[in-house]
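Thanks for coming. I will go through one structure today, starting with a single residue and working outward.

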Amino acid sequence: KLLMEKFAFSFADHLKISSARFANVAFSDGSLLFGFNQRISNQQPLAIPTDIKRYFVSSLEAARLCLLSCFMTHSGEILIPKLTKDFRDHSLVEMTNRYLKMKGFLPLAFEKEEEARNAFDASIKSGQWPCFYFRSETTGEKEIEEFYSKDDVVDFERFKDLGVISYRHEGSGLDFQSFERQFASLIKKKKWDKKDFVSLFKEYLPEFQHIETNKNLDQKM
């Protein structure tokens with residue numbers, strides 16, 4: 001996403017380019033809550049990392065933020081939500097509790113997924129949903145989310161509930177044409193490994209930190 005953003009803003013000198021960074025869209029395809037819905041419908045335990053926090057927005061809020069970015073910003077600007085007492089990150093354990101309450105269940109904790117599966121029928125009869133809790137060990141999962149970095153210039157005064165990042169294209173150090181050539185070369189192979197793309201991204205995004213554990217959250221969710 002960061003690389004896509006940098007590519008888009010490379011055209012900001014002669015096109016009106018703006019964008020938005022926002023949180024997880026609740027119940028969107030592939031999201032945590034989408035995975036919960038899948039598990040519930042398939043009568044399966046929920047799997048929840050205990051050490052991860054995330055921000056959540058509705059699909060309507062995400063759409064509004066994108067529209068505001070189109071109409072309320074200047075070229076080269078990025079809208080982000082302003083963190084307030086009403087908009088904060090939530091632990092995935094907290095979100096699980098809220099989700100199950102909405103579904104009419106209480107969480108029943110297990111430390112092993114197999115135990116949660118074996119206890120499923122008895123748990124459901126007592127109004128509890130088995131939940132497998134674990135510390136995150138999956139690829140690409142940050143403990144917390146951040147909307148901007150220490151190098152971003154952010155204006156929190158212009159809007160009440162939004163911040164505005166002024167994107168600085170100068171000094172990005174990205175050779176877009178070179179990246180496009182290497183990316184196209186990978187695509188033409190029609191067969192590649194994940195490590196090929198990770199290596200390419202690291203070359204052009206020095207700040208890109210990727211630790212491969214060969215496990216992903218989707219497999220557990």
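T96 is buried, and its relative accessible area is 0%. Keep in mind as we go that this is a predicted model. T96 sits in helix α4, which covers residues 92-103. What does T96 touch, apart from residues up to four places away in sequence? The answer is F36, L46, I48 and C131.

Three of those names come back when we turn to the largest nonpolar core: F36, L46 and I48. This core has 17 residues, and those that touch the most other members are L32, F36, L46, I48, Y99, L100 and W129. Which elements supply at least two residues each? They are α2, residues 32-41; β3, residues 46-49; α4; and β9, residues 128-134.

Take L100 as an example from that list. If we leave aside neighbours within four places in sequence, L100 is in contact with I40, L46, F105, L106, P107, W129 and C131. C131 is also a contact of T96, as is L46. There is a second core, separate from this one, with 14 residues, including A23, Y55, I80 and I165.

Next, the charged pairs. Side chains of opposite charge can pair when their charged atoms come close. How many salt bridges are there here? The count comes to 11, and I will show three of them.

The pair R21 and D152 has its side chains meeting at 3.4 Å, N to O. These two come from distant parts of the chain, 131 residues apart. R21 is in the loop between β1, residues 18-20, and β2, residues 24-25. D152 is in the loop between β9 and β10, the latter being residues 153-155. Are these two partners buried or exposed? R21 has a relative accessible area of 18%, so it counts as buried, the cut-off being under 20%. D152 is at 25% and therefore counts as partly exposed.

The second pair is E113 with R39, where the closest N and O atoms are 3.5 Å apart. This pair also links distant parts of the chain: E113 belongs to helix α5, residues 113-118, and R39 to helix α2, with their positions 74 residues apart. Both partners are buried, E113 at 18% relative accessible area and R39 at 7%.

The third pair is K150 and D151, with a salt bridge of 3.5 Å, N to O. K150 is exposed, at 79% relative accessible area, whereas D151 is partly exposed, at 47%. Going back to R39 and E113, salt bridges with shared partners join them with E114 and R117 into one network.

Last, a helix pair. Two packed helices are described by the angle between their axes and the distance between the axes. Here the helices are α7, residues 176-189, and α8, residues 194-204. Their axes are 11 Å apart and the angle is about 180°. Angles over 145 degrees count as roughly antiparallel, so that is the term for α7 and α8.

Which residues meet in this contact? From α7 there are S178, F179, Q182, F183, L186 and I187. From α8 there are D196, F197, L200, F201, E203 and Y204. By type, the contact has eight nonpolar residues, two polar and two charged.

That is the end of the tour, and I will take questions.

How values were computed. Residues are numbered from 1 along each chain as its sequence is written. This is a predicted model: local features need pLDDT of at least 70, side-chain atom pairs count only at pLDDT 80 or more; totals for chains, interfaces and linings use all residues. Side-chain values use heavy atoms; hydrogens and water are left out. Axes are lines fitted to C-alpha atoms, for helices over the stretch in contact, and angles run from 0 to 180 degrees between N-to-C directions. Helices (H or I, at least four residues) and strands (E, at least two) are DSSP runs, numbered from the N terminus. Angles under 35 degrees count as roughly parallel, over 145 as roughly antiparallel, 65 to 115 as roughly perpendicular and the rest as oblique. Contact means heavy atoms within 4.5 Å. Ala, Val, Leu, Ile, Met, Phe, Trp, Tyr, Cys and Pro count as nonpolar, Asp, Glu, Lys and Arg as charged, and the others, Gly among them, as polar. Buried means under 20% relative accessible area, exposed over 50%, partly exposed in between (1.4 Å probe, protein chains only). A nonpolar core is a set of buried Ala, Val, Leu, Ile, Met, Phe, Trp, Tyr and Cys residues joined through side-chain atoms within 4.5 Å. A salt bridge is a side-chain nitrogen of Lys or Arg within 4 Å of a carboxyl oxygen of Asp or Glu.
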